[in-house]
Amino acid sequence: MSTSTSGPIHVMGAGLSGLAASIILAKAGKEVHVHDIRKDSGARFDGDFQGLENWSSNRDFIDELRDWGINPDEFKSTPFHEIDVIHPDDEISTAWGPKVAFRVVERGTAPHTIDQGLKRQALEAGVNIHYNSRVKPEDCTIIATGPKGTSAVAYGEVFKTSFPNHVSFHLNDKLAPGAYAYLIVIDGIGLICTCLWRKQSKSERFLNETIAWYERHYPELDIEPIKRVGGKGDFTINDRYKESGRYYVGEAGGLQDFMWGFGMRYAVTSGVLAAQDILGGEDYDKAVRKQLLPFVKTSVANRFLMNRIGDRSFKRIARMWMKDQKKRGDGLPFIERIFRGSIWRNLVYSSFGKLMLKRETTKDGRKIRRMPFRKDLKRDRWDPSPDAIAIGKRWERVRRSGGGTSFSEDSDNSSIPEEE
Ligand SMILES: Cc1cc2nc3c(=O)[nH]c(=O)nc-3n(C[C@H](O)[C@H](O)[C@H](O)COP(=O)(O)OP(=O)(O)OC[C@H]3O[C@@H](n4cnc5c(N)ncnc54)[C@H](O)[C@@H]3O)c2cc1C
């Protein structure tokens, strides 16, 4: 195998970033081989819903995909203009905007998932995909292996429901330490998920308590559990994004949203930028610094601030959001402003934000700064409610009769086949 860009291109990782890069390269006539350690694209996720954000740029992401030659009609995506915003004191408001704020896509191995939609396009373009394949990074030109370390985790339960299509975004430091929880329902399938930005023991109690909260506050939400899903996020700032002739894309290059973990758009965009450099376009490192890193740095500043607040400030943020929406008749500009940066957020990044990141040298000698998985706080230690205990028992019964779990206590390695 070779890392040169004139012969066949080897890509490590057949997830969003690796497949996006491969589609562009193969369509331009390159011989492309993608290697994935798992049995299929999306196998890391197993059917959870994720939000494809549409607020970090004025350009609709779906139009951007079409411009790059990636067909968004190959996967199912459900657009949303409206969500419930749940304040930490349980008040529920509605955020609304005339523009599509985000689209919900499914991750996994089912035909309608974004992973399989990109995989089909890669195969049609002539990409050779090798699953259950272990290769060395030094033999690959593009490294697209997703998260390596753990900066945060998310746990969710997927269930059948008769509830209509819906998304709730839930700011609550008890249920989701340092982060947020959410409910997504698409066409009879629901997901309740909680994100933990502080490392916990017995993490399942956060998910059980979150589900109990939803059952209490959305009495029409019927839940018939199917499986539990989740995953980890890896948030790093890299000294270089192209090193020794290799391109680090997606989460393998730390390209993630440090505040809330909306990493899919970064993943696809960085894969495209790497392919464009290989095809003679702008240097990848420069393009990342210009197009993606400013947003990443803003998200570091936001994360620094998020780490210092709790429910009282979450309440203030939710109130400000709703006030801004009332003034403009549009809830989206508030979120756009948070994500797109400002002079003072740049200042927060350079004065404090980057100092919270831990300097590391990776196994292949690259210098990065990683957001550590923070320790739990005293306020994270509480006893589960009787409702949450009952939900844990309900899940246990489903699990014993075959309900799958794709992620537990910060590892999804079970989806990687054992070495022969
Ligand atoms: C629970 C959860 C919820 C999320 N929700 C959202 C959301 O709502 N919105 C959003 O935008 N983002 C979300 N994200 C983040 C988003 O999923 C990631 O940022 C995105 O998938 C990163 O894409 P990637 O191409 O870097 O990695 P992936 O899409 O994960 O692909 C990496 C691929 O590399 C393969 N691989 C790993 N190691 C090797 C190896 N050694 N050799 C070969 N192949 C290897 C893996 O099997 C995988 O197929 C969420 C993440 C999690 C965990």
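**Figure 1. Strand 10 and its partners.** Let us start with a pair of residues: phenylalanine 159 has glycine 190, in strand 13, as its bridge partner. This and every other view here comes from a predicted model. The pair belongs to a longer run of contacts, for strand 10 and strand 13 run antiparallel and are joined by 8 bridges. Strand 10 also pairs with strand 14, again in the antiparallel sense, this time over 9 bridges. To find that second pairing, look for tyrosine 155, whose bridge partner in strand 14 is glycine 230. How many residues of strand 10 are buried? Strand 10 covers residues 152-160, and 8 of its 9 residues are buried, which leaves the strand mostly covered.

**Figure 2. Glycine 231, a meeting point of distant parts of the chain.** Glycine 231 sits in strand 14, which spans residues 224-233. Is glycine 231 buried or exposed? Count the C-beta atoms around it: 25 others lie within 10 Å, so glycine 231 is buried. The cut-off for calling a residue buried is 20 or more such atoms. Now look for phenylalanine 407, which is 176 residues away from glycine 231 along the chain. In space, the C-alpha atoms of these two residues are separated by 6.0 Å.

**Figure 3. Strand 7 and its two pairings.** Here the view moves to strand 7, made of residues 102-106. Because 4 of its 5 residues are buried, strand 7 is largely enclosed by the rest of the structure. Strand 3, residues 49-53, pairs with strand 7 over 5 bridges in the antiparallel sense. Strand 4, residues 77-80, pairs with strand 7 as well, antiparallel and over 4 bridges. Phenylalanine 102 is a handy landmark for both pairings. Glutamate 53 stands opposite phenylalanine 102, and phenylalanine 80 has phenylalanine 102 as its bridge partner too.

**Figure 4. An open sheet of three strands.** In which order do the 3 strands of this open sheet stand? The order is 15-19-18, with antiparallel pairing. Strand 15 (236-238) and strand 18 (358-361) are at the edges, and each has a single partner strand, so one side of each is left without a neighbour in the sheet. From one strand to the next, the twist averages 30 degrees. Strand 15 and strand 19 (residues 367-370) run antiparallel and are joined by 3 bridges. To spot one of these contacts, find threonine 236 and its bridge partner in strand 19, arginine 370.

**Figure 5. The buried side of helix 6.** Helix 6 runs over residues 284-291, and its buried residues are Tyr284, Asp285, Ala287 and Val288. Why do they lie on the same side of helix 6? They cover an arc of only 165 degrees around the axis, which places them together on that side. A general rule about helices helps here: an α-helix has 3.6 residues a turn, so residues three or four places apart point the same way. The packing partners of the buried residues of helix 6 are strand 16 (242-243), strand 17 (246-248), helix 5 (264-278) and helix 7 (293-306).

**Figure 6. Two loop residues with a positive phi.** Most residues other than glycine have a negative phi, which gives this view its interest. Aspartate 187 is not a glycine, yet its phi is positive, about 45 degrees. Where is aspartate 187 found? Look in the loop between strand 12 (181-186) and strand 13 (189-196). Aspartate 187 has 8 C-beta neighbours inside 10 Å, so it counts as exposed. Serine 244 is not a glycine either, and has a positive phi of about 50 degrees. Its place is the loop between strand 16 and strand 17. With 11 other C-beta atoms within 10 Å, serine 244 is exposed.

**Figure 7. Where the two domains touch.** The protein chain is divided into domain 1 (1-76 + 102-148 + 234-375) and domain 2 (152-233 + 382-412). Their C-alpha centres lie 25 Å apart. Where the domains touch, 24 residues of domain 1 are in contact with 23 residues of domain 2. Which helix gives the largest share of the side of domain 1 that touches domain 2? Helix 8 (residues 311-328) does, with 4 residues. That side of domain 1 divides into 11 nonpolar, 6 polar and 7 charged residues.

Conventions
Residues are numbered from 1 along each chain as its sequence is written. This is a predicted model: local features need pLDDT of at least 70, side-chain atom pairs count only at pLDDT 80 or more; totals for chains, interfaces and linings use all residues. Two strands pair if DSSP finds at least two bridges between them. Axes are lines fitted to C-alpha atoms, for helices over the stretch in contact, and angles run from 0 to 180 degrees between N-to-C directions. Domain bounds come from an automatic or database domain assignment. Two residues are in contact if their C-beta atoms, placed from the backbone, lie within 7 Å. Ala, Val, Leu, Ile, Met, Phe, Trp, Tyr, Cys and Pro count as nonpolar, Asp, Glu, Lys and Arg as charged, and the others, Gly among them, as polar. A residue is buried if 20 or more other C-beta atoms lie within 10 Å of its own, exposed if 12 or fewer, and partly exposed in between; C-beta atoms are placed from the backbone. The arc is that of the directions from the helix axis to the C-beta atoms.
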